[in-house]
Each structure stands twice: as structure tokens, then as C-alpha cells.
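The exercises that follow are meant to be worked with the coordinates open, and each task is followed by a solution that goes step by step. Please try each task before reading on.

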Amino acid sequence: MTAVHIPGVPVIDAGQLVSTSPATGAEAGRLPVATDADVRQAVDRARAAGDWWAGLGFTGRRQRMLRWRALLAKRIEQLAELVHVEGGKPTADAIVEIVTAIEHIDWAARNAGRVLGPRRVRSRLILAEFSGHLEYQPHGVVGVIGPWNYPVFTPIGSAAYALAAGNAVVLKPSEYTPAVGQWLVDSFAEVVPEQPVFTAVHGLGDVGAALCRSGVNKLAFTGSTATARKVMAACAETLTPMLIEGGGKDAMIVDSDADLDAAAEACVWGGMTNAGQTCIGIERVYAVDAVFDAFVDKVVTRAGRLTVGPEGTDIGPITMPRQIDVIRRHIDAAITSGGRAVLGGPSAVQPPYVHPTVLVDVPEESAAVREETFGPTLTISRVRDADEAVTRANALSYGLGGSVFGRRRAVATARRLRSGMASINSTLTFAGMSTLPFGGVGDSGFGRIHGEDGLREFGRAKAITRRRARSLLPSMTFERTPADVARLVKAIKVMYGR
Ligand code: NDP
């Protein structure tokens, strides 16, 4: 990579990774590129730090993590400005992103002890003379690989839960947003100065690959499904467990009894916030015939009002310049396959910006319906009823989130969506609810961050049994007699033989 600066495209300049604003080309961050040896060293140092961190116990970690979240709250404007400059995201969107991340740190810190700490579990009649004990112990060092589109929310969704569980974390931020990643680890080091518990390594994809092979005990990957496959292959070499938060093509269903104004408002937000560069962003809408025309009108009116540009607008630049080619290809594919742009269209693509685009009558086979677009575009398709909407929504290999607007059938419809998450009469809200798990199915990945499942993802279940009394029916010993075995057979028939 040469040191020619194309706005938004990171370059390596004299061993430093330089990130720039996609809107202005202004330098945003400059960080040393890690070699393979640096990555291994970071993981080794994190391992020792992790032992210390685990030794603090849930209470010690909770205190420190709550101080960290307070620091983020105090400096929210500063961090939002950095997110805005480095990724182009409107500052208001950056604030919302950071608010959500702060909430996750708070919940993870407060609940880790309850969810993961040692507890008794009930034993059953068959082993009544033993007590059962369960706890979730830290893995050690968790590697976190994150994307650029939510450079605070996504790494923290894994890192906060991993840290609360007692792990050390080594973060590899996206090459597009290294300064935000470094800001996060630096702020953590202010409240935990004793040991390198949460650190970052920087560089291009090869640094992420090195992290996978560096001896981390678990890897949390958030990014595209294509990269997830490579990461999983690398982790397979060492049987390193991992979780994948992959891409998506989330659908929204608008039923005949939906509040159409609320649905249109949420649809425009869910599809176009952060210029549509949202893993759980609404990309496809299925509206039932009876409300289709009115709904499309309302979406077009609202989306048509959005402002686009570098500062103080609703929609900022596309962060990753090459994504613009994907967005253009999808819009063109929609039009050439018989679709119509009722707002925007090919002329909406004005690099580094893409203006809101609403496409209708697009065949389901089109790339605009099947592939992740990651732009402020929506396809809206007419369906007979909610059943057809579910069938079409579930037809893709992706299955991250989704949304349903309606009343009578809304809950049943949300449950039938083949996805890890769904919101009813809103969009994206499950991401901010720290008590709920977050993750997908199929090509959208596996494993969960957030909530109790998210905490358990970063702890190894440790099961212990302890003898409380002599065995009345000794079976797991060579001292057992044929009479003992006969009594066992009799007992089992009484207990389970009915
Ligand atoms: P990428 O898959 O391109 O990159 C993700 C991360 O992986 C980056 O840090 C990248 O580094 C790193 N990486 C690249 N190659 C390798 C490799 N061979 N081994 C290890 N790590 C590697 O995704 P994007 O950054 O473009 O993010 C957008 C994608 O993320 C979208 O598909 C989106 O849906 C998804 N996403 C999913 C979320 C979820 O929770 N499910 C949330 C947010 C986004 P580098 O940047 O240096 O190439």
C-alpha cells in the first residue's frame, strides 16, 4: 500500500497505519502497525495481566469497569467527535452508539458475578448423595476483531462482557477506525493502570489473522461473513473457540394492521441510520398488499427529507470508499431486473455520498434483495400476507435481526423469523437492551454477545460435584456387589420405567 491519501482509505506510512476522514481526507489517526511478534507479545502480556485481573474477582472488576463507563460518559462528546472524524458518521449517531456501549459496560459489570459466579445446582435422586456446583471461569485472553461501522459498540459488545467475565482482551480494530479502538483501550488503561488488561494491536487484515494464531484462548469476531470464514479456518488450526457476529440482510415486515406512520419512521431510521452501514440495518421490506402503496408513500416522504453531507446532516459519507461500488451495483441490478426507484436510484450515488434510495418491484433473485448492500437503500416488496412475508424474509442464508410492524400477528410473526433477534413496532432496539442476547443464525454467525448468554460466552463452565453422604446404591465403584446392581435396576424401573 502506498502513502497516497484517498479520503477514507487507510494507508501505511513509515510503519504507521494512517486513517483519514472519508468526507475530507483529514488525518484522523496514526498508529504503529503490529508485526506478528508484536501480536504474540501483546497476547503474552495480556495473559499475565489476565491472571491479575481474574484475581480481582467480580467485585474488584465491577468497581473498575464502572469507573471506565463513567469516564466514557464524561467524555462522550470527545469520543463521538473522533468517531465522526474517522468514520464519517454523523455526530448524533455516534452519540447514540456510545450511549448503547456505555449501557452494556454498566450491565456486564453489574451482572457478571450473579451470572457467572459460583453457585449450587440441584442434584437429582440418582446422585442425591452429591451436591453440584457450577461456575464460569475466564478463558484467559480473548481476541476481539472488530469492524469499522460501529467502532465503539461492536468491540465493546464483546470486550465489556469478556472483561467482566475476568478475561484480558486484545483488540484488533478495523484498519478504517484504529484511532477509535486505541481511544477505547487508552481510556480503560486510565482506570486500570496496573496491568495491560485491555490492549490493541493495529494493522490490516493480516494483523487480525496473526491474532487468530497468537494463542488467544477465545476469539470474538465481528465483521463480514467472507472474513468470518477465514477467521474460523485459522482458529480451527488450534481449536481456538470463537464466536461470529457476521453480516446480515435484515427484513422488516409490515402487516395490514400496522401503524403505517410509525412503521415508515422506523423503516427509514432502521434502513438509513449510519448511511445504512449497519449489520442489523433494515435492507428489505415486505409490506402486505392492503397497505403497500400508502406505506411506500410515507417512506418516500420521510426518506426524501433526510439531509446528506459532511457536517450536521442525517446521512454522512460511505465510510469505506470501495463499498460505493457495491451499492451502485445493487441499485443498477435492481433497475435492470425490472425494479423501479421511487426515490433516488443510480443518480443517488455521488461519492463519497449515497442519497436515500427506495426501490420497489425488485425481483427476489436480484443482488439488491439477496446481498448485503450497506448503503442508505431499501427494497420494498408487495406480499399477499404476513405468511408470504415470513417465507420471503427467511429465504436468505443470512439471519441476524428483523422487525415486524403490526398488532394481532406481530409476536407470532417475529417468532417465525429465522433470525437471532427481532423487534416489534420498532427497529434495531434489541441491540441496546443489555439484558437480551445479540447474535445471528446461518451466515450471520453463531454465539452470542450481550445479556446473560453474552457473559457465559466468555466464561468456561466449570462443574464440580462434592460428596455429601455415603452412596445407598453404589454404582460407580468396583466395590459394588451384584445385589447393588440389582437394586439399581429395580430403582431405575420404578423411577423411569413408566
Ligand atoms: P471485514 O470482514 O472486512 O473486517 C472485519 C475485521 O476483520 C476487521 O478488523 C478486519 O481488518 C479484520 N480482518 C480482515 N481480514 C482478516 C483475516 N484474514 N483474519 C482476521 N481478521 C481479518 O468487515 P468490515 O470491517 O467491512 O465490517 C462490515 C461487516 O461487518 C458487515 O458485513 C457487517 O454486517 C458486519 N457487522 C456485523 C455485526 C454483528 O454484530 N453481526 C456488527 C457490525 C458489523 P481490516 O479492517 O484491517 O481489514
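A residue is called exposed when its relative accessible area is over 50%, buried when that area is under 20%, and partly exposed in between. The model is a predicted one.

**Exercise 1. Classify Arg-384 and Glu-388 as buried or exposed, and state how their side chains are related.**

Step 1. The relative accessible area of Arg-384 is 63%, so Arg-384 is exposed.
Step 2. Glu-388 has a relative accessible area of 16%, and therefore counts as buried.
Step 3. The two side chains, those of Arg-384 and Glu-388, form a salt bridge with an N to O distance of 3.5 Å.
Step 4. This pair belongs to a network of salt bridges that links Glu-364, Arg-384, Glu-388 and Arg-392.

**Exercise 2. Determine which parts of the chain are tied together by the salt bridge between Arg-229 and Asp-443.**

Step 1. A search of the whole structure gives 26 salt bridges, and in one of them the side chains of Arg-229 and Asp-443 meet at 3.4 Å, N to O.
Step 2. Arg-229 belongs to helix H8 (residues 225–237), whereas Asp-443 is in the loop between strand S21 (441–442) and strand S22 (445–446), so the pair ties together parts that are 214 residues apart in sequence.
Step 3. With a relative accessible area of 53%, Arg-229 is exposed, while Asp-443, at 24%, is partly exposed.

**Exercise 3. Explain how Asp-106 and Arg-110 are placed along helix H4, and find what Leu-66 contributes to their surroundings.**

Step 1. An α-helix has 3.6 residues a turn, so residues three or four places apart point the same way.
Step 2. Asp-106 and Arg-110 are four residues apart in helix H4 (residues 91–116), which means that about one helical turn separates them.
Step 3. Their side chains meet in a salt bridge of 3.0 Å, N to O.
Step 4. Asp-106 counts as buried at 16% relative accessibility, but Arg-110, at 38%, counts as partly exposed.
Step 5. Leu-66, in helix H2, is buried at 14% relative accessibility.
Step 6. When neighbours within four places in sequence are left aside, Leu-66 is in contact with Asp-106, Ala-109 and Arg-110; the C-alpha atoms of Leu-66 and Asp-106 are separated by 6.2 Å, although their positions lie 40 residues apart along the chain as a sequence separation.

**Exercise 4. Check the spans of helices H2 and H10, and list what their buried residues pack against.**

Step 1. For the 18 residues of H2 (residues 57–74), 1.5 Å a residue gives an expected span of 26 Å, and the end C-alpha atoms are 26 Å apart, which agrees.
Step 2. The buried residues of H2 include Gly-60, Arg-61, Trp-68 and Leu-72.
Step 3. The buried residues of H2 pack against helices H1 (36–55), H3 (76–87), H4, H5 (153–164) and H6 (178–191), and also against strand S8 (198–200).
Step 4. For the 16 residues of H10 (residues 289–304), the expected span is 22 Å and the end C-alpha atoms are 23 Å apart, which agrees.
Step 5. H10 nevertheless bends by about 25 degrees at Phe-295, and Phe-295 is among the buried residues of H10, together with Val-291, Phe-292, Val-296, Val-299, Val-300 and Ala-303.
Step 6. The partners of the buried H10 residues include helix H9 (260–272), strand S11 (250–254) and strand S17 (377–383).

**Exercise 5. Find the backbone angles of Ala-14, Leu-428 and the bond between Pro-351 and Pro-352, and place these residues in the fold.**

Step 1. Most residues other than glycine have a negative phi, and most peptide bonds are trans.
Step 2. Ala-14 has a positive phi, near 50 degrees; Ala-14 lies in the loop between strand S1 (11–13) and strand S2 (16–20) and counts as exposed at 74% relative accessibility.
Step 3. Leu-428 also has a positive phi, about 70 degrees; Leu-428 lies in the loop between strand S20 (423–424) and S21, but at 13% relative accessibility it counts as buried.
Step 4. Pro-351 and Pro-352 are joined by a cis peptide bond with omega about 5 degrees, and Pro-352 is in the loop between strand S14 (349–350) and strand S15 (353–354).

Notes. Residues numbered from 1 in each chain as written. Predicted model: local features only at pLDDT ≥ 70, side-chain atom pairs only at ≥ 80, totals over all residues. Heavy atoms only, no water. Helix = DSSP H or I, 4+ residues; strand = E, 2+ residues; numbered from the N terminus. Expected span 1.5 Å × (residues − 1). Bend = angle between axes of the 7 residues up to and from the residue. Buried < 20%, exposed > 50% of the residue type's maximum accessible area, 1.4 Å probe, protein only. Contact = heavy atoms within 4.5 Å. Salt bridge = Lys/Arg side-chain N within 4 Å of Asp/Glu carboxyl O.
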